[in-house]
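Colleague: Could you take one small part of this model and walk me through it closely? I'd like to hear where it sits and what it touches.

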Amino acid sequence: MRTDPQRYEILLVPEFSGDGTATGDTRGALRSAVVVATGETGASGYPRYVGDGMEADIDPATRSVEALLVDGAELDYGLSPRVADPENRADG
């Protein structure tokens with residue numbers, strides 16, 4: 001029996017570094033939110049998570065954000081969401 005995680009932290013990071021190269025780094029996140037499972041499935045077919053002004057459909061198998069609203073709007077160009085376990089993330 002598979003149990004999906006009940007909480008994630010979503011970090012919004014610049015998609016590109018200052019020199020224009022793509023980055024996968026989570027340091028320097030512009031915003032973060034801890035989201036919790038709603039028990040519903042989003043339009044993307046993945047579990048829905050909400051919290052701190054963000055609403056996301058997250059694939060628990062790959063930890064990919066399949067759909068995301070930030071304060072009710074789509075994510076701005078140039079920003080990329082990253083998923084972290086809130087209890088394992090070190091501050092600073």
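Modeller: Let's go with D85, in the segment after β7, the strand spanning 79-84. Keep in mind that this is a predicted model. D85 has a relative accessible area of 23%, so with the buried cut-off at under 20%, D85 counts as partly exposed. Leaving aside residues up to four places away in sequence, D85 touches Y8 and R63. With R63 there's a side-chain polar contact of 3.0 Å. V34 is worth a look too: 51 residues from D85 in sequence, yet the C-alpha atoms are 9.0 Å apart.

Now follow the other partner, Y8. Y8 belongs to the largest nonpolar core, a set of 12 residues that also includes I10, L12, V35, Y49 and V83. The elements giving two or more residues to that core are β1, β2 (31-41), β4 (54-59) and β5 (64-70). As a rule, nonpolar side chains in soluble globular proteins tend to be buried together.

Y49, another core member, touches Y8 as well, and its list of contacts beyond four places in sequence also has D4, P5, Q6 and R7, then V35, V36 and A37, and finally M54, E55, A56 and I58.

One more stop, E9, which lies in strand β1 (residues 7-14). E9 has a relative accessible area of 8%, so E9 is buried. The E9 side chain makes a polar contact of 3.4 Å with the side chain of S32.

Definitions and conventions. Residues are numbered from 1 along each chain as its sequence is written. This is a predicted model: local features need pLDDT of at least 70, side-chain atom pairs count only at pLDDT 80 or more; totals for chains, interfaces and linings use all residues. Side-chain values use heavy atoms; hydrogens and water are left out. Helices (H or I, at least four residues) and strands (E, at least two) are DSSP runs, numbered from the N terminus. Buried means under 20% relative accessible area, exposed over 50%, partly exposed in between (1.4 Å probe, protein chains only). A polar contact is a pair of N or O atoms within 3.5 Å; within protein, one must be able to donate a hydrogen and the other to accept it, and residues adjacent in sequence count only if both atoms are side-chain atoms. A nonpolar core is a set of buried Ala, Val, Leu, Ile, Met, Phe, Trp, Tyr and Cys residues joined through side-chain atoms within 4.5 Å. Contact means heavy atoms within 4.5 Å.
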